[in-house]
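Trainee: I'd like a close look at one part of this protein: the charged side chains that pair up, plus whatever sits around them. Please take it slowly and tell me how covered each partner is.

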Amino acid sequence: MKKIFLCLIPFLFIACASSRFESQFSPVYVTNTSKFAILPPAGMDGSIDKVQRMTIKFGEQSFDFDVYVISDPQQLSMTIFNEFGTTMGSLFYDGVQLDFDSAIFPKNLKSEYIVADFQFCLYKVHELQQALSKIGVNFEVSIACKEDGTSEETRTLSKKGKPISKITKTFAANAPDATESLKSIQYDNFLRGYSYYLAGEE
């Protein structure tokens, strides 16, 4: 099990330095030269409080685990479980503190990258566009509605016409708000060579 989780490091987190209870957060390199400062929790578009099933792929490798996510304008909290229900790690971020703790992940795991990936998927579009434009990264959004009432939102990050990553979110029909109707997220990072699929458990 330890070997499996260590394999996730290069493409999910890009570890560098510890970020336990920092007031000044390390920058996230969206590209090799574009440094993104993670946003405060208030940028969250809605709220989430549910267990998600996550599949991560890097090359020919694929891993599955459960993540209990709580995210609202006050905090982002994630708890990672293995297939036996054992807690493998946890993350907490409230704009002032950023804490990641795990008995398996190395202590120098850079948790800002976890937060940034989550924000690119689910934070308010105009706030992401404003922040990313300052570092020369384009952030574009398109929405496609289907005949059955479901819809897809595609978010793309690029620089000088070169794709960096793409996020595809699927929404169910007839739900009270976007976070309630959110069915799945497909995240593909072309620059770093990893992807993940996140879906709420029924």
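Mentor: Let's settle one word before anything else: a residue is buried under 20% relative accessible area, exposed over 50%, and partly exposed in between, using a 1.4 Å probe and protein chains only. What you're looking at is a predicted model, where local features need pLDDT of at least 70 and side-chain atom pairs pLDDT 80 or more, while totals for chains, interfaces and linings use all residues. Numbering starts from 1 along each chain as its sequence is written, and side-chain values use heavy atoms, with hydrogens and water left out.

Now the charged pairs. How many salt bridges does a search of the whole structure find? The count is four, where a salt bridge means a side-chain nitrogen of Lys or Arg within 4 Å of a carboxyl oxygen of Asp or Glu.

Start with aspartate 66 and arginine 53, whose side chains meet in a salt bridge at 3.1 Å, N to O. Aspartate 66 belongs to strand β4 (residues 61-72) and arginine 53 to strand β3 (residues 48-58), so this pair ties together parts that sit 13 residues apart in sequence. (Strands here are DSSP runs of E with at least two residues, helices are runs of H or I with at least four, and both are numbered from the N terminus.) The two partners aren't covered alike: aspartate 66 is buried at 17% relative accessible area, whereas arginine 53 comes out as partly exposed at 32%.

What do those two strands do around the pair? β3 and β4 pair in the antiparallel sense over eleven bridges; pairing takes at least two DSSP bridges between two strands. If you want a handhold, find lysine 50, whose bridge partner in β4 is valine 69. The two strands form a hairpin with two residues between them, and glycine 59 in that turn has a positive phi of about 65 degrees.

β4 also pairs on with strand β5 (residues 75-81), again antiparallel, this time over seven bridges. There you'll see valine 67 standing opposite isoleucine 80 of β5. Here too a hairpin makes the join, running from β4 to β5 through two residues.

On to the next salt bridge, which links glutamate 152 with lysine 146, their closest N and O atoms being 3.4 Å apart. In this pair glutamate 152 is partly exposed at 25% relative accessibility, and lysine 146 is partly exposed at 43%.

Then have a look at lysine 169 and glutamate 153, where the side chains form a salt bridge at 3.2 Å, N to O. This pair links distant parts of the chain: lysine 169 is in strand β10 (residues 162-171) and glutamate 153 in strand β9 (residues 151-159), 16 residues apart. Buried or exposed? Lysine 169 is buried, with just 4% relative accessibility, and glutamate 153 is buried at 11%. There's a third member to highlight as well, since salt bridges with shared partners join Glu153, Arg155 and Lys169 into one network.

While you've got burial switched on in your viewer, try helix α3 (residues 112-122). That helix is mostly covered, with eleven of its eleven residues buried. Charged residues turn up in the list too, including Glu112 and Asp117, along with hydrophobic ones such as Ile114, Val115 and Leu122.

One last stop, for the rings. The structure holds four aromatic pairs, counted when rings of Phe, Tyr or Trp (its six-membered ring) have centres within 6.5 Å; planes under 30 degrees apart are stacked, over 60 edge-to-face, and the rest tilted. Tyrosine 187 and tyrosine 194 make a stacked pair, 6.0 Å centre to centre with 20 degrees between the planes. Tyrosine 187 and tyrosine 196 have ring centres 4.9 Å apart and planes at 5 degrees, so they are stacked as well. Together, Tyr187, Tyr194 and Tyr196 form one aromatic cluster. As for cover, tyrosine 187 is buried at 1%, tyrosine 194 is buried at 6%, and tyrosine 196 is buried at 6%.
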